[in-house]
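I opened the model to look up how its helices pack and which residues fill the spaces between them. My entries follow in the order in which I checked things.

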Amino acid sequence: LFPTISIGLGWLLLFFRVRWLKASASASAAGVERLQAQGWLDAYRFWTKVFALSFALGVVSGVTMSFQFGTNWPGYMERVGNIAGPLLGYEVLTAFFLEAGFLGIMLFGHGRVSERVHLVSTALVAFGTTLSAFWILALNSWMQTPAGYRIDAAGVYHAADWIAVIFNPSFPYRMTHMLLASVLTVSFLLVGLSAWQLLRGVA
């Protein structure tokens, strides 16, 4: 659930950030425009806290999942580890490091770095969450519809074509399903938390 929230919420934060920059650039010294600009910034800061919590819980659940491959299915991983291992490694080396590296700037850099750097950091965090889903779903899809592999005499799987491994037959459908599920999940979360705040009388 938490990685699903992180994917959609990262792009929502980028949307809030861009809208705040546009509203603040055109806002007058006082009036409705300035209040609207401040509203976008308040929304960004509130949902950044929700994103940070979801990201932290998603990392914890992701570490548990990685251990499960070896503890629950050691025989399976002994045979397909040459393919599953690199795909998980790509997720860590590209997506997770990208997210974790720029998350600190996104959370604590506002007012300390330039607006451009902060905007780019938010965009890279959002991109990192989607890239993480890309690698995880590439592995998950390959486990369901394997392609681009060969099996040696010992029954061990080896990658014969990494492009075919990554973009296996079920990958496009699963990736599309994941992104749509993320958007729907974040939409319900946004509506639910907003309604709860309205009921509490939070302006």
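Entry 1, conventions. I take an axis as a line fitted to C-alpha atoms, for helices over the stretch in contact, with angles running from 0 to 180 degrees between N-to-C directions. Helices are DSSP runs of H or I with at least four residues, numbered from the N terminus. I keep in mind that this is a predicted model, in which local features need pLDDT of at least 70 and side-chain atom pairs count only at pLDDT 80 or more, whereas totals for chains, interfaces and linings use all residues. Residues are numbered from 1 along each chain as its sequence is written, and side-chain values use heavy atoms, with hydrogens and water left out.

Entry 2, α4 against α6. I looked up this pair and found the axes 9 Å apart, packed at an angle of about 135°. The two helices are therefore oblique to each other, a class left for angles that are not under 35 degrees (roughly parallel), over 145 (roughly antiparallel) or 65 to 115 (roughly perpendicular). On the α4 side the contact (heavy atoms within 4.5 Å) includes Thr130, Phe134 and Ser141, and on the α6 side it includes Phe171, Arg174 and Met178. By class, I noted eight nonpolar residues, four polar and one charged in this contact; Ala, Val, Leu, Ile, Met, Phe, Trp, Tyr, Cys and Pro count as nonpolar, Asp, Glu, Lys and Arg as charged, and the others, Gly among them, as polar.

Entry 3, Ser141. Is this residue of α4 buried or exposed? Ser141 counts as buried because its relative accessibility is 0%, where buried means under 20% relative accessible area, exposed over 50% and partly exposed in between (1.4 Å probe, protein chains only). Setting aside neighbours within four places in sequence, I find Ser141 in contact with Asn168, Ser170, Phe171 and Arg174.

Entry 4, α3 against α4. The axes of α3 (residues 74-108) and α4 (residues 115-144) come within 7 Å and cross at roughly 170°, and the two are therefore roughly antiparallel. Their contact has 24 nonpolar, seven polar and two charged residues.

Entry 5, nonpolar cores. I count as a core a set of buried Ala, Val, Leu, Ile, Met, Phe, Trp, Tyr and Cys residues joined through side-chain atoms within 4.5 Å. The largest has 22 residues, and Leu87 and Phe134 have the most contacts inside it. α3, α4, α5 (162-166) and α6 (171-200) each supply at least two residues of this core, and α4 gives the most, with eight.
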